[in-house]
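I opened the notebook to record what I looked up, one item after another. My plan was to begin with a pair of facing residues and work outwards from there.

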Amino acid sequence: MLPSQRTYLLLLGGIAIAIISAILLNISTSILITLGFDTILLLLTFLDRFLVRQHRVTISRDISPRLSIGRDNPVVLSVKSGKTQAILQIRDFYPSEINVSSPLLRAKLEPDTTSELTYTVNPNQRGEYTWGNIQVRQLGALGLAWHNWQISQTEKVKVYPDLVGLRSLSIRLTLQSSGAMRQIRQMGIGTEFAELRNYRTGDDLRLIDWKATARRIGSYGNASPLVRVLEPEQEQTLLILLDRGRLMTARVQGLQRFDWGLNATLSLALAGLHRGDRVGIGVFDRQVHTWIPPERGQGHLNHLIDRLTPIQPVLLESDYLGAVTHVVQQQTRRALVVVITDIVDTTASSELLAALTRLAPRYLPFCVTLRDRQVDTIAENFTTDVNTAYTRAVALDLLAQRQVAFAQLQQKGVLVLDAPANQITDQLIDRYLQLKARNQL
């Protein structure tokens with residue numbers, strides 16, 4: 001039992017009564033009055049606590065067994081009151097490592113009603129976490145005592161990569177696909193023959209099928225030319241190499257750089273599978289830690305999520321040449337090879353350059369780096385402070401080294417994308433869809 005604020009205020013009132021009665025009457029009478037007042041108040045407090053036990057609320061927790069990292073995931077507490085009004089304070093035993101929007105929830109329910117209380121959790125680390133019991137305080141009808149108890153609701157929840165982002169991307173790709181394919185057919189972009197149709201104003205004259213047109217004229221007399229409609233080849237291969245080495249352990253905007261890279265990897269895999277490509281993924285550090293051979297079909301995405309979710313970055317230097325060599329040994333046909341990593345100094349960039357150069361021109365290499373926006377901010381802000389100026393000079397030097405590395409990669413025929421970590425997924429998907437539309441692979 002916990003006395004309420006009203007009880008403490010009444011106790012203070014009892015002291016005032018004692019003082020007044022001592023002045024007007026005598027000390028002995030004052031003591032008797034005070035003891036009587038306190039005894040009655042104590043009995044009412046116990047009675048209030050006893051009565052509230054007869055009308056406890058019932059609470060159940062609704063939480064997804066798979067939370068998304070870096071997202072606000074809702075946790076819903078369904079509360080049902082008894083035959084009396086319920087004033088509540090609720091504290092859920094969430095994992096201490098996870099940020100929450102509202103540690104303490106308050107509610108006031110009318111008799112025989114049900115209400116849903118929602119708070120959000122924003123995990124910044126993948127893994128398995130345990131939710132404990134639910135701590136409840138319910139105020140008695142007289143407002144004198146809180147009844148304090150726990151509701152058993154222990155359960156385990158796993159934090160996955162950004163599944164919310166994957167669902168949004170899937171909807172976006174579905175909405176775009178039909179219109180995009182119609183536009184591609186109208187533009188005549190692609191390599192595979194799809195169909196013949198009548199010539200329209202604006203069609204590329206090079207796509208006119210003169211033999212088919214001649215046969216049609218021979219059969220029907222005067223007729224408009226026939227145009228070959230081409231569409232992009234669907235059976236292409238997309239290979240993604242995700243770095244999990246030392247550079248990927250740094251935290252950028254609340255998440256490890258590896259988690260941003262993993263989100264981008266799964267989103268790119270989803271886009272590739274949605275476009276009919278065979279998608280394979282390798283995770284490497286000093287060696288290729290995980291290799292998932294390329295497959296097609298939406299069912300392959302669930303396999304990728306389950307295999308990649310437990311992987312964590314490590315403090316090891318990455319062997320780019322070893323990862324690329326593994327790809328060359330495993331994949332003999334031409335493929336788009338996307339390497340998701342980061343660049344800090346000229347040494348690391350030279351090793352990456354040597355590895356990706358080995359892929360061109362047999363494969364189409366694509367280097368994706370996750371930039372720290374904080375470094376950009378430091379470099380952009382002019383300062384007269386000596387210490388801050390030194391930090392700015394270091395940031396400017398790092399950015400200059402990145403630009404030199406990217407220029408060298410592009411000279412060797414490597415596609416490059418450098419974007420802030422929190423924006424890399426959207427920009428990578430857009431670049432991939434452009435490559436598919438232009439049939440660059």
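**Entries on a sheet and an arginine**

I looked up Ile-134 first, and found that this residue stands opposite Ile-151 in β11. I note here that the model is predicted.

Next I checked what packs on the sheet, and found helix α2 (residues 27-53), which touches β10 and β11 and whose direction makes about 35° with that of β11.

I then turned to the pairing of the two strands, and noted that β10 (residues 134-139) and β11 (residues 145-151) are joined in the antiparallel sense over 6 bridges.

For the wider arrangement, I wrote down an open sheet of 5 strands, paired antiparallel, in the order β1-β11-β10-β5-β7. Its edges are β1 (2-3) and β7 (105-109), and each of these has a single partner strand, so one side of each is left without a neighbour in the sheet.

My second subject was Arg-61, which I located in strand β2 (residues 58-63). Is Arg-61 buried or exposed? I recorded a relative accessible area of 9% for Arg-61, and because buried means under 20%, this residue counts as buried.

I also asked which backbone oxygens the side chain of Arg-61 reaches. One belongs to Gly-132, at 2.6 Å from the side chain of Arg-61, and another belongs to Gln-153, whose backbone oxygen lies 2.6 Å from a polar atom of that side chain.

Finally, leaving aside neighbours within four places in sequence, I listed residues in contact with Arg-61, among them Val-75, Asp-92, Trp-131, Glu-155 and Ile-134, the residue with which I began.

How values were computed: Residues are numbered from 1 along each chain as its sequence is written. This is a predicted model: local features need pLDDT of at least 70, side-chain atom pairs count only at pLDDT 80 or more; totals for chains, interfaces and linings use all residues. Side-chain values use heavy atoms; hydrogens and water are left out. Helices (H or I, at least four residues) and strands (E, at least two) are DSSP runs, numbered from the N terminus. Buried means under 20% relative accessible area, exposed over 50%, partly exposed in between (1.4 Å probe, protein chains only). A polar contact is a pair of N or O atoms within 3.5 Å; within protein, one must be able to donate a hydrogen and the other to accept it, and residues adjacent in sequence count only if both atoms are side-chain atoms. Contact means heavy atoms within 4.5 Å. Two strands pair if DSSP finds at least two bridges between them. Axes are lines fitted to C-alpha atoms, for helices over the stretch in contact, and angles run from 0 to 180 degrees between N-to-C directions.
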